[in-house]
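Here are my notes on the aromatic pairs and one helix residue. Please read them beside the structure.

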Amino acid sequence: MIEAIIFYVFAFMTITTATVVVTVRNPINAALFLVLTFFTSAVIWMTLEAEFLAIILVLVYVGAVMVLFLFVVMMLDINIAQMREGFSRILPLGIVFAVIMLLLMWSVVTDDIFSIESIATPVPKGADFSNTKALGAVLYTEYVFAFEIAAVILLVALVAALSLTMRKRPRTKYQNPSDQIKVRKADRLRIVKMPSSSEEQ
């Protein structure tokens, strides 16, 4: 009974915070609400006895990915007013993609694999059972191709984030290593001979 209450409470919190992520205008606030969504999802995974996935969600996504994402958002210097001006222009396209995603999710959830009859009663595991070992055995055998594709997608996202942060800004001064190597002493140092006080007297 207590597990069902915890599940429904944190499921409601997850849906609420995820909705706020896509509706809030400030990207910093959206990232913070996404962190809260990860925490509530981790609690749900703990109730499903997936301790390894819950810990990885908190350590990797909240502790590393979201911190990196916050740094990128802050370094991009996003103009919030300009984003709000173009919101109405791209709203129809966003609605189309939202409807497509809802249809895809509905087709997956209403499949026979998610029916009550197909869901088997979970068998309690012993104290020496390692879900990390079981997850690794499945991940690197049956789903190894999907795992490699996900790794490539994450690598592309990392390169894209770095390229966005390293773009040139008009107020930022940059150094050219080739010009620094070509510099000569005469270009940087000029010796001026001035008479001493004794010579002037």
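1. Does Phe7 count as buried, partly exposed or exposed, and at what relative accessibility? Phe7 counts as partly exposed, because its relative accessibility is 35%, which falls between the 20% and 50% cut-offs. Please keep in mind that this is a predicted model.

2. The structure holds three aromatic pairs. In one of them, Phe7 and Tyr8 meet edge-to-face, with 5.5 Å from centre to centre and 75° between the planes. Tyr8 has a relative accessibility of 59% and therefore counts as exposed, whereas its partner Phe7 is partly exposed.

3. Phe38 and Tyr61 form a tilted pair, because their planes stand at 55° with the ring centres 5.5 Å apart; edge-to-face would need an angle over 60 degrees. Phe38 belongs to helix H2 and Tyr61 to helix H3 (residues 51–76), so this pair ties together parts that are 23 residues apart in sequence.

4. How do the two rings of that tilted pair stand in terms of accessibility? Phe38 has a relative accessible area of 15% and is buried, since the cut-off for buried is under 20%. Tyr61, at 36% relative accessibility, counts as partly exposed.

5. Helix H2 (residues 27–47) also contains Ser41. Ser41 counts as buried, because its relative accessibility is 17%. With neighbours within four places in sequence left aside, Ser41 is in contact with Thr14 and Leu57. Helix H2 thus supplies both buried residues discussed here, Phe38 and Ser41.

How values were computed
Residues are numbered from 1 along each chain as its sequence is written. This is a predicted model: local features need pLDDT of at least 70, side-chain atom pairs count only at pLDDT 80 or more; totals for chains, interfaces and linings use all residues. Side-chain values use heavy atoms; hydrogens and water are left out. Helices (H or I, at least four residues) and strands (E, at least two) are DSSP runs, numbered from the N terminus. Buried means under 20% relative accessible area, exposed over 50%, partly exposed in between (1.4 Å probe, protein chains only). Contact means heavy atoms within 4.5 Å. Rings of Phe, Tyr and Trp (its six-membered ring) pair if their centres lie within 6.5 Å; planes under 30 degrees apart count as stacked, over 60 as edge-to-face and the rest as tilted.
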